[in-house]
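Trainee: I am new to this one. Can we go through the terms and check each against its value?

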Amino acid sequence: TVTTMNRETIKGVKGFDEVFDKNYSVKSRIADMLMNKFSNWGYMRVEAPLFESTELFLRKSRGELASRLYRLKDSSVGDVSVRPEFTSSVIRSLIGQGLDNKWPRRVLYSGSVYRRPLGDAADEKETMQVGVELLGSEGLLGDSEIMSMVLAGLETFSINKAIVKVN
């Protein structure tokens, strides 16, 4: 909260994180623990850009994310959006670097993602995400690797009872 010269109070935007000290430390430690755990599986860390072409997210979601994107239109960069997820950016980056014959590709990322809430849903607009992508390994072998990583991540925090939904 900031008080301006005319004494009006300016508050932070509701639903976007303001994380300080102890809470920042906990959030950062959780992400670091998962990143370290997953990198031991041979996953390469990548950092996705905060902004991407809006078209990238619309194509990947088949338009479903259109109402949930934070979009910016600027004459110098065009129609861009704040990332609502990581997968699109990671795939685009890998393709942009030129795909080689090193398959499967294992990548790992963490950071904030931003989505407008659905209807009267919770006010949370910014969430922290840690994730992996296993590219070029189809079928049961790839799926079992990812599920093993999910379970290992839960074990990291001594979570013994969890419901994992797969779709």
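Mentor: Start with angles. An angle here runs from 0 to 180 degrees between N-to-C directions, and the axes are lines fitted to C-alpha atoms. Keep in mind that the model is predicted.

Trainee: At what angle do helix H2 and helix H3 pack?

Mentor: At about 110 degrees. H2 covers residues 54–61 and H3 covers residues 87–96. Their axes are 9 Å apart.

Trainee: What makes H2 and H3 roughly perpendicular to each other?

Mentor: The range from 65 to 115 degrees counts as roughly perpendicular. The angle of H2 and H3 is about 110 degrees. H2 and H3 are therefore roughly perpendicular to each other. Their crossing is right-handed.

Trainee: Which residues make the contact of H2 and H3?

Mentor: On H2 they are Leu56, Phe57 and Lys60. On H3 they are Thr87, Ser88, Ser89 and Arg92.

Trainee: How do the residues of this contact of H2 with H3 divide into nonpolar, polar and charged?

Mentor: Two are nonpolar, three are polar and two are charged. Leu and Phe count as nonpolar, while Lys and Arg count as charged. Thr and Ser are not on either list, so they fall among the polar ones.

Trainee: Which residues of H3 are buried?

Mentor: Ser88, Ser89, Val90 and Leu94. The word buried needs a relative accessible area under 20%. The cover over these residues includes E4, H2, E7 and E8. After H3 comes glycine 98, with a positive phi near 90 degrees.

Trainee: Now the sheets. In what order do E4, E5 and E6 form an open sheet?

Mentor: The order is E4-E6-E5, and the pairing is antiparallel.

Trainee: What makes E4 and E6 count as paired strands?

Mentor: Two strands pair if there are at least two bridges between them. E4 (residues 51–53) and E6 (residues 78–82) have three. One residue pair to look for is glutamate 52 with serine 81 in E6.

Trainee: How many bridges do E5 and E6 have?

Mentor: Four, and the pairing is antiparallel. E5 spans residues 71–74. Aspartate 74 stands opposite glycine 78 in E6. Lysine 73 has aspartate 79 of E6 as its bridge partner. A hairpin of three residues links E5 to E6.

Trainee: Why do E4 and E5 stand at the edges?

Mentor: Each has a single partner strand, so one side of each is left without a neighbour in the sheet. Ignoring direction, neighbouring strands of this sheet are turned by 35 degrees against each other on average. H2 packs on this sheet and touches E4, E5 and E6. The direction of H2 makes about 70 degrees with that of E4.

Trainee: What is the order of the open sheet that holds E3, E7 and E8?

Mentor: E3-E7-E8, also three strands, with mixed pairing. E3 (44–45) and E8 (126–135) are the edge strands, each pairing on one side only.

Trainee: How do E3 and E7 run, parallel or antiparallel?

Mentor: Parallel, joined by two bridges. E7 covers residues 105–114. Two bridges are enough, because pairing asks for at least two. In E7, valine 107 is the bridge partner of methionine 44.

Trainee: Which strands of this sheet does H3 touch?

Mentor: E7 and E8. The direction of H3 makes about 135 degrees with that of E7. H4 lies across E7 and E8 too, at about 145 degrees to E8.

Trainee: What stands out about the phi of serine 158?

Mentor: Most residues other than glycine have a negative phi. Serine 158 is not a glycine, yet its phi is positive, about 55 degrees. Serine 158 sits in the segment after helix H4 (140–156).

Trainee: How do you know whether serine 158 is buried or exposed?

Mentor: Exposed means over 50% relative accessible area. Serine 158 has 57%, so it is exposed.

Trainee: And the whole protein: how many helices and strands does it have?

Mentor: Four helices and eight strands. From the N terminus they run β-β-α-β-β-α-β-β-α-β-β-α. Of the 167 residues, 29% are buried. Among contacts with a separation of 6 or more, 66% join residues 24 or more positions apart.

Methods
Residues numbered from 1 in each chain as written. Predicted model: local features only at pLDDT ≥ 70, side-chain atom pairs only at ≥ 80, totals over all residues. Heavy atoms only, no water. Parallel < 35°, antiparallel > 145°, perpendicular 65-115°, else oblique. Left-handed = near helix turned anticlockwise from the far one by under 90°. Contact = heavy atoms within 4.5 Å. Buried < 20%, exposed > 50% of the residue type's maximum accessible area, 1.4 Å probe, protein only.
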